[in-house]
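Subject: Structure handover

Hello,

Here is the structure we talked about. Please open it alongside this note; my findings follow below.

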Amino acid sequence: MKINNSNINFKAYKMSQKQAQQINNTIKKSSKIDIICHESTDRDSANSALAMADYIEQQGINARIILSQDLKSLTLRAQDKNIIQAKNLKDDETPDTVLCVDFCKKERVAPNVCNYIKKANNIIGLDHHLGVDITQDSLTLTKEKNSTNKTASFYIDTTAKSATSVIYRFFEAIDREISDDTAYDLFFGLISDCNKKGLVKCDGKNGTINATKEMMQDKNAYEIYQNLLKKLTPEKVSSIARKIDIISSLSQQEKAFSDSLYEKIKYNKKGTIAYVEIPPNDKTWNELGGDNSTTSAILNHFRQTVLKKYNNIKTVFAFYQANNTYRLSVHSKEKNLKQLYDLTLNKIADTSFTIGGHEDRGGGKINSTDEKTCHEWVKSIIAIADLYN
């Protein structure tokens, strides 16, 4: 496999035409492209996939989007796309080309998806997270097969605020005019990730989005923000604001569930860790649809609120069921999750963790929904985290 390492961890204000053309040539030579989103697909990943699917289809090439969430749960722009769930990938399929958006670590996709990617003749990546595990694994695999016909090309800009920002620069470099629909997708992905970082303020009640001073000081991010905003009507901006600021428009049941998290909160002995444990098959959790954009926003709001409210709390965990697994999501005040995960990975069996591209946030899972097993898993996580915090 020919691997283009020159783009790895590339920090750019704009993508060069040469780098963009290398990826574009691979796209245009393909007969079918599968666009892979990371597990627990968020709006940045999904909107990146939608924007690229539009472009790929306009070249007369078949495109599929592979994601782990239901597209409707992400409340994205409705359109007729070929979308399949990651769990439904067939073992006997050999993809022509795969395009990885918003991830470049094998830990951010399920094992069956990682194996599927490694079978592809061509691998492309557009990302703002650093990591080359998939390309390295693919290189090892193809060497074993004595194959030299495969190619892998990742373009990663670690200074970009979203994967959709990288795709914006890709379209710019190949001189593709961005349609209003694509502008909506790219802006939605950018705002979704920037909202998590506190770079924008979304007011769902008033339907407004405003960039913070920190956002304005980032020349690259703010230019993309302004250019995309110009292509959107006030109604579309308002729509995105309402979808991002989910907390302001919760139903009575959703609000009651959100409030209950603070009643169920537990702490470690030192008082430096806070966590909430939603049991597997919890009735209210299932009634709310399980793991979806609304419940994810509620848990995210819970973690951030606890960190802000209590000075002594360093780390906040939420444990919950999703896609026949039991999972954790975590926020850290001290951005120390890599060290914490390095410690826990060596201690807890049958567990997978990922930090993604954000040092203060991460996730993990165990492939079980047995109540006793999951409870013991929670106890093990907290016990080891207690030693570290």
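Start with helix H12 (residues 293-309). Its 17 residues should span 24 Å at 1.5 Å a residue, and its end C-alpha atoms are 24 Å apart, so the two agree. The expected span here is 1.5 Å times one less than the number of residues. Helices (H or I, at least four residues) and strands (E, at least two) are DSSP runs, numbered from the N terminus.

Before more detail, the ground rules. This is a predicted model, in which local features need pLDDT of at least 70 and side-chain atom pairs count only at pLDDT 80 or more, while totals for chains, interfaces and linings use all residues. Residues are numbered from 1 along each chain as its sequence is written, and side-chain values use heavy atoms, with hydrogens and water left out.

**Overall**

The protein has 14 helices and 15 strands. Buried residues make up 57% of its 389 residues. Buried means under 20% relative accessible area, exposed means over 50%, and partly exposed lies in between (1.4 Å probe, protein chains only). Take the contacts (heavy atoms within 4.5 Å) between residues at least 6 apart in sequence: 73% of them join residues at least 24 apart.

**Around H12**

Which residues of H12 are buried? They are Ser293, Thr294, Thr295, Ala297, Ile298, Leu299, Asn300, Phe302, Arg303, Val306 and Leu307. The cover over them includes H2, helix H10 (252-263), strand S11 (273-277), helix H11 (283-287), strand S12 (315-322) and strand S13 (325-332).

**The sheet**

S11, S12 and S13 also belong to an open sheet of 6 strands. The order is S10-S11-S12-S13-S15-S14, with mixed pairing. Strands pair if DSSP finds at least two bridges between them. The edge strands are S10 (266-267) and S14, each pairing on one side only.

At one edge, S10 and S11 pair in the antiparallel sense over 2 bridges. Tyr267 stands opposite Ala274 in S11.

At the other edge, S14 (residues 351-354) and S15 (residues 361-366) pair in the antiparallel sense. That pairing runs over 4 bridges. Thr354 has Gly363 in S15 as its bridge partner. The side chains of S14 alternate. Thr351 and Phe353 point to one face and are buried. Ser352 and Thr354 point to the other face and are not buried.

**Aromatics**

A pair of aromatic rings is described by the distance of the centres and the angle of the planes. The rule used: rings of Phe, Tyr and Trp (its six-membered ring) pair if their centres lie within 6.5 Å; planes under 30 degrees apart count as stacked, over 60 as edge-to-face and the rest as tilted. The count is 13 aromatic pairs.

One of them is Tyr55 with Phe170: the centres are 6.2 Å apart and the planes sit at 85°, so the pair is edge-to-face. This pair links distant parts of the chain, with Tyr55 in helix H2 (residues 43-58) and Phe170 in helix H5 (residues 163-173), 115 residues apart. Tyr55 is buried at 4% relative accessibility. Phe170 is buried at 0%.

Tyr184 and Phe188 form an edge-to-face pair too, at 5.9 Å centre to centre and 70° between the planes. They are 4 residues apart in helix H6 (residues 180-196), so about one helical turn separates them. Tyr184 is buried at 5% relative accessibility, and Phe188 is buried at 0%.

Tyr275, Phe317, Phe319, Tyr326 and Trp377 form one aromatic cluster.

**Charges over rings**

A charge sits over a ring if NZ of Lys or CZ of Arg is within 6 Å of the ring centre and within 35 degrees of the ring normal. The charged end of Arg169 sits over the ring of Tyr13, 5.0 Å from its centre. Arg176 lies over the face of Phe171, at 4.6 Å from the ring centre.

**Cysteines**

How many disulfides does a search of the whole structure find? It finds 0 (a disulfide is a pair of cysteine sulfur atoms within 2.5 Å). For Cys114, the closest cysteine sulfur is in Cys100 at 9.0 Å, too far for a bond. For Cys202, it is in Cys194 at 9.3 Å, again too far. Cys114 is buried at 6% relative accessibility, and Cys202 is buried at 15%.

Best regards
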